[in-house]
Amino acid sequence: MAVFDYRARKADSQQVNGAVVAASENVAYDTLKERGLTIISLEERKEGKIFQNPLALFNRIKVKELVIFARQLAVMINANVPIVRSLKILLRQTENVRFKVILSDILDDVEGGVKLSAALAKYPSVFNNFFVYMVRSGETTGKLDEVLEYLATQKEKDYDLISKVRGAMTYPIVLLTGVLVVGTGLTLFVLPSLLDVFAEANAQLPFPTRVLIAFVGFSKSYWYLIFLGIGALVFGFITFKRTKRGKQIWDLIKIKIPIAGGVFKKLYLSRMARSIATLLEAGVPISRSLEITSDVVDNFVYREVINETIGEVEGGNSITTAFVRSKYIPLMMTQMLAVGEQSGHMDQILGKVADFFDRELENVIANLVTLMEPVILLIMGGAVGFLVAAILLPIYNLSNAI
């Protein structure tokens, strides 16, 4: 899909500017013609160039903005405000320029008779498959306000979870940054002054001091190699991760890495259970629910398990058939799914499973923060001890020699 900027004239000769998302220029032209516009100019936006696409860089749509959008739209629809008028109100109060452009295009589509779900589907980077399909189910069942309220709540939960993980990482990052700043200050400003004194006294320098001097000397002489090496590693990692094979390997590493792997596993399992439960509750068929969840989970390992499950379900087998074979699905979840199938309350059972993994995830993150504090203190103690030994030991030796 590409973005096309246009200038056009309405039936009353009023000139309008805007943007439309379409697969090609011809499709964009037809879309605008269907809206009753006479096209003056139509030009594809060059998304790949940084300076030609500042909106994507500086106006990224945040989760919080999606939460506000879904919740306020739900409130207005529940109050029997027409959807077109509701979108106009949301458009006027939206401050994010990029989101305003998207909402303007969605409003144009809805005014032209397009369903809200179809209009949202044009922006998969903002509204994922789960969001779009839930809105579609709400339109079908006449419960659009309830669905939007639920989506806002789920987005808030995701946002809270991400905030907790970031909060857990803030403390160790601040401590490590402090150690690096102090160590760099001592090495660059204190150590050079002491080296002149040691040189005049012809003192034998201790091993930690010699290591520190060698490191400082290398950093000063070959600092560009260090930056180039770090840059090459980062660029290589990003490039590798963008490949299909790289994404598969990275997804596998994320759930197998010690300690952090447990966090990722519970996150994916909770997301998977919650998505399937919600879609089933909205009346979406099991196979279609699994297809949508496969995109929502965003991990190759669990996506493969879900795709295998889709094949089993379409072949008339139980949903637990592929889950039992996977070592990445806990036995508890498989047994709960079996109970849900037998009782006919799969959505309720999966909702409880998701709640369980949410609580487990909160506990794991809390324990991880508690565990990281003494580990970081040990690292800091070792780093400070090395610096003290490298700087104070030669001073102590020099004073004894005198």
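A salt bridge here is a side-chain nitrogen of Lys or Arg within 4 Å of a carboxyl oxygen of Asp or Glu. By that rule, the chain has twelve salt bridges. Keep in mind throughout that this is a predicted model.

**Figure 1. The whole chain, with its helices, strands and confidence.** Start with the overview: the chain comes to 17 helices and three strands. It has 402 residues, and 37% of them are buried. Take the contacts with a separation of 6 or more, and 57% of them are between residues 24 or more positions apart. As for confidence, the mean pLDDT of the chain is 80, with 89% of the residues at 70 or more. Among the elements, helix α10 (residues 223-242) has the highest mean pLDDT, 90, and helix α2 (residues 54-58) the lowest, 46. Go easy on residues 48-58, where pLDDT stays under 50. For that stretch the model has twelve contacts beyond four places in sequence.

**Figure 2. E308 and R325, a salt bridge between helices α14 and α15.** The closest N and O atoms of E308 and R325 are 3.7 Å apart, which puts the pair within the 4 Å cut-off. E308 sits in helix α14 (residues 300-314) and R325 in helix α15 (residues 320-325), so the salt bridge ties together parts that are 17 residues apart in sequence. How exposed is each partner, E308 and R325? E308 has 39% relative accessibility and counts as partly exposed, while R325, with a relative accessible area of 52%, is exposed.

**Figure 3. E156 and R71, a salt bridge that links distant parts of the chain.** Here the closest N and O atoms of E156 and R71 come to 2.7 Å apart. The pair links E156 in helix α8 (residues 144-200) with R71 in helix α3 (residues 63-78), 85 residues apart. Both ends are partly exposed: E156 has 32% relative accessibility, and R71 has a relative accessible area of 23%.

**Figure 4. D251 and K247, a salt bridge inside helix α11.** This one stays local, with both residues in helix α11 (residues 244-256) and four residues apart, about one turn of the helix. The closest N and O atoms of D251 and K247 are 2.6 Å apart. Is D251 buried or exposed? D251 is buried, at 0% relative accessibility, whereas K247 is partly exposed, at 27%.

**Figure 5. Helix α5 from end to end.** Helix α5 covers residues 97-111, 15 residues in total. From first C-alpha to last, α5 reaches 21 Å, close to the 21 Å expected at 1.5 Å a residue. At its start, a side-chain oxygen of N96 reaches to within 3.0 Å of the backbone nitrogen of R98. What follows α5, and what is its phi? The helix is followed by G113, whose phi is positive, near 100 degrees. The buried residues of α5 are F99, I102, L103, D105, I106, L107, D109 and V110; two of these are Asp, D105 and D109.

**Figure 6. The largest nonpolar core and a second one apart from it.** The largest nonpolar core has 40 residues, and F99, I106, L116 and F127 touch the most other members. Two or more residues each come from α3, α4 (83-93), α5, α6 (116-121), α7 (129-141), α8 and α13 (286-297). Helix α3 gives the largest share, eight residues. Zoom in on L116: leaving aside residues up to four places away in sequence, L116 touches L73, I83, L87, I106, V110, V135, E139 and L144. Apart from this core lies another, of 28 residues, with A273, L280, I306 and V313 among them.

**Figure 7. T320 in helix α15 and the residues it touches.** The last close-up goes back to helix α15, where T320 is found. T320 is buried, with 11% relative accessibility. Which residues does T320 touch, not counting those up to four places away in sequence? They are T334, L337, A338 and E341.

Key:
Residues numbered from 1 in each chain as written. Heavy atoms only, no water. Buried < 20%, exposed > 50% of the residue type's maximum accessible area, 1.4 Å probe, protein only. Expected span 1.5 Å × (residues − 1). Polar contact = N/O pair within 3.5 Å; in protein donor to acceptor, adjacent residues only side chain to side chain. Contact = heavy atoms within 4.5 Å. Core = buried A, V, L, I, M, F, W, Y, C linked by side-chain atoms within 4.5 Å. pLDDT = per-residue confidence, 0-100.
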